[in-house]
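Trainee: I'd like to learn how to read a structure like this one feature by feature. Could we go through it together?

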Amino acid sequence: MKQNKSFPEGFLWGVSTASYQIEGAWDSDGKGESIWDRFTHTPGKIRNGDTGDTACDHYHRWQEDIQIMSQIGVKAYRLSTSWPRILPAGTGMVNQKGLDFYTRLVDELLQKEIIPFVTLYHWDLPQTLQEQGGWKVRSTAEAFLEYTDVITRCLGDRVKNWITHNEPSVMAHNGYHLGAHAPGLKDLGASLSASHHLLLSHGWAVPLIRKNSPQAKIGLSMNVNWMAIASPSQADHEAYRKSSGLWLRWYLDPLYGRGYPVDVIQDVIRLGALLNSELPFVYDDDLSVIAVPTDFLGVNYYTRFISRSTEIPEADNLPPNVTQSQRNQENWTEMGWEVYPEGLNRVLSWLYYEYQPPQLYVTESGCSYSDAPDNDGVIRDDRRIHYLKQHFAASLRAIENGVPLGGYFVWSLMDNFEWDQGYAQRFGLVWIDYSTKQRLLKNSAIWYQQIIADNSICE
Ligand code: GCO
């Protein structure tokens, strides 16, 4: 029999976006160039040659977008501020028009009783800083502090929820090691020093935000997908140790006071990216700076990945890395990611019991399906509704399991620029017609409206 299952009172139902993915206006009103502007303007980097030059044109249509959020009834909105819109050269001159944009945005959100969660860095580093070494060098962490000071002095009286970084592991790996994201480097050693400077800048920023924004709650968002081990073999366990080490423990361990994991350092030495276990980029007090207490951990969850040793590819009954055409449509999104809701419960529970953050939020979770308006103009994105319902249910299981989960931000409010995938992937609750920039609520947005109003799901 179906049952109504309620969420705790005050649970924050939200939506999430990021500046480069929605704003457009890439060179308007004094904004400086970002590494994503440079990267997307470089031929061959992005699917279909797409750029974020206009994206959803949110920079000009922000009022309509807030109106839509208000119509859906969201309680909270996670946005990110664009560093080069505020400090065009990364440091020094402040662009008042950039600050004014975010001030108007925040004021309008508050007016509509939507709580802003502001991410300071969602990957759009000023290009000028990249030319000085980007996150590879310590001075970028110092520059981040200057930027944090400017923005939190401006908004700190009204914004009370701050996220320093979005997915530092993805920034460091995809940007500096795998080369798929800006700045497009392929150097494991560089990605390690980048990761350290990202974490250091977080550690420095937290006390500054506390000073400029009294009573603020501060956290950082990590992408944590569920990592399953393909088989009980030693080789598959070893594959799991390595990948979870590099992608998760390398970040979470220092953030929660354990320092960098020794086994990962040994792996990296074996790969030739470090000479020995002395990490040249770590200075004396850095680890205690990074371990500064925070108020919450943001979790971006999408899928399950399977750790499998390449030596024994077929040794189990978990899905192999099959091609898109072989996949059961229902269980795989158009990103090629498996739909695996129980992983969210496991991730939230693992993070809470392993690292004990005082609170957790799902700061992103969602799916890419390209369902378009039918002839009658209705967007029947039933697969998204199914995805969200199952992931909300998994969140509730985590709450029942004792996890202090404060809210869930659906990725994303609207279709937007999906990094190296350009506009080919649509994660939105709201459809964007990219030729006219018209917004249209999908059925999932209307369904979400009801979930928020009821604060419960029916299972
Ligand atoms: C990320 C980012 C988002 C993405 C989303 C879908 O996780 O990569 O935070 O900007 O758009 O996750 O891939």
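Mentor: Sure, let's start with a single residue: N455 sits in the loop between α15 (443–454) and β14 (456–458). Keep in mind throughout that this is a predicted model.

Trainee: Is N455 buried or exposed?

Mentor: The idea is to take relative accessible area and call anything under 20% buried. N455 has 18% relative accessibility, so it counts as buried.

Trainee: Which side chain does N455 make a polar contact with?

Mentor: Its partner is W13: the two side chains are joined by a polar contact of 2.9 Å.

Trainee: What about side chains that reach for the backbone instead?

Mentor: Look at T148, in helix α7. Its side chain comes to 2.7 Å from the backbone oxygen of F144. T148 is buried too, because its relative accessible area is 0%.

Trainee: Where does K160 lie, and how does its accessibility class come out?

Mentor: K160 is in the loop between α7 (138–155) and β5. At 26% relative accessibility it counts as partly exposed, because that class covers the values between buried, under 20%, and exposed, over 50%.

Trainee: And how do I compare sequence distance with distance in space?

Mentor: Put the two numbers side by side. K160 and P116 are 44 residues apart along the chain, with their C-alpha atoms separated by 7.7 Å. For D284 and L12, the sequence separation is 272 residues and the C-alpha atoms are 39 Å apart.

Trainee: Where is D284, then?

Mentor: In the loop between α11 (262–270) and α12 (286–290). With 81% relative accessibility, D284 counts as exposed.

Trainee: Let's turn to backbone geometry. What should I expect in general?

Mentor: Most residues other than glycine have a negative phi, and most peptide bonds are trans. Departures from that deserve a look.

Trainee: Which residues have a positive phi here without being glycine?

Mentor: A25 is one of them, with phi near 45°. It belongs to the loop between α1 (19–22) and α2 (35–40), and it counts as buried, since its relative accessibility is 6%. E167 also has a positive phi, about 45°, although it is not a glycine. You'll find E167 in the loop between β5 (161–166) and α8, and it is buried, with a relative accessible area of 7%.

Trainee: Which residues does a cis peptide bond join?

Mentor: One cis bond joins A182 and P183, with omega about 5°. P183 is in the loop between α8 (168–177) and α9 (188–212). Another cis bond joins W411 and S412, where omega is about 15°. S412 lies in the loop between β11 (405–411) and β12 (430–433).

Trainee: Now the ligand. How many residues surround it, and which are the closest?

Mentor: A good way in is to list the surrounding shell and then sort it by class. Here 13 residues surround the ligand, and the closest are Q21, E167, Y302, E364 and E418. So E167, the buried residue with the positive phi, turns up again. By class, the shell has 6 nonpolar, 4 polar and 3 charged residues.

Trainee: Which side chains have polar atoms close to the ligand's oxygen atoms?

Mentor: Start with Q21, where an N or O atom of the side chain is 2.6 Å from an oxygen atom of the ligand. Y302 has a polar side-chain atom 2.9 Å from a ligand oxygen, and W419 has one at 2.9 Å from a ligand oxygen as well.

Trainee: How much of the ligand does the protein bury?

Mentor: Taken alone, the ligand exposes 310 Å², and the protein buries 94% of that. The space taken by the ligand is the largest pocket.

Trainee: Where does Y302 lie along the chain?

Mentor: Y302 is in the loop between β8 (296–300) and β9 (304–307). It counts as buried, because its relative accessibility is 8%. You can use Y302 for another distance check: E142 is 160 residues away from it along the chain, and their C-alpha atoms are separated by 32 Å.

Conventions:
Residues are numbered from 1 along each chain as its sequence is written. This is a predicted model: local features need pLDDT of at least 70, side-chain atom pairs count only at pLDDT 80 or more; totals for chains, interfaces and linings use all residues. Side-chain values use heavy atoms; hydrogens and water are left out. A residue is near a molecule or strand if one of its heavy atoms lies within 4 Å of it. A polar contact is a pair of N or O atoms within 3.5 Å; within protein, one must be able to donate a hydrogen and the other to accept it, and residues adjacent in sequence count only if both atoms are side-chain atoms. Accessible areas come from the Shrake-Rupley method with a 1.4 Å probe; for residues, only the protein chains shown count as cover. On a 1 Å grid over the protein atoms alone, a cavity is a set of points where a 1.4 Å probe fits but cannot get out, and a pocket is an open set with protein on both sides within 12 Å along at least five of seven lines; lining residues have an atom within 4 Å of a point. A molecule sits in a cavity or pocket if more than half of its atoms lie within 2 Å of its grid points. Ala, Val, Leu, Ile, Met, Phe, Trp, Tyr, Cys and Pro count as nonpolar, Asp, Glu, Lys and Arg as charged, and the others, Gly among them, as polar. Helices (H or I, at least four residues) and strands (E, at least two) are DSSP runs, numbered from the N terminus. Buried means under 20% relative accessible area, exposed over 50%, partly exposed in between (1.4 Å probe, protein chains only).
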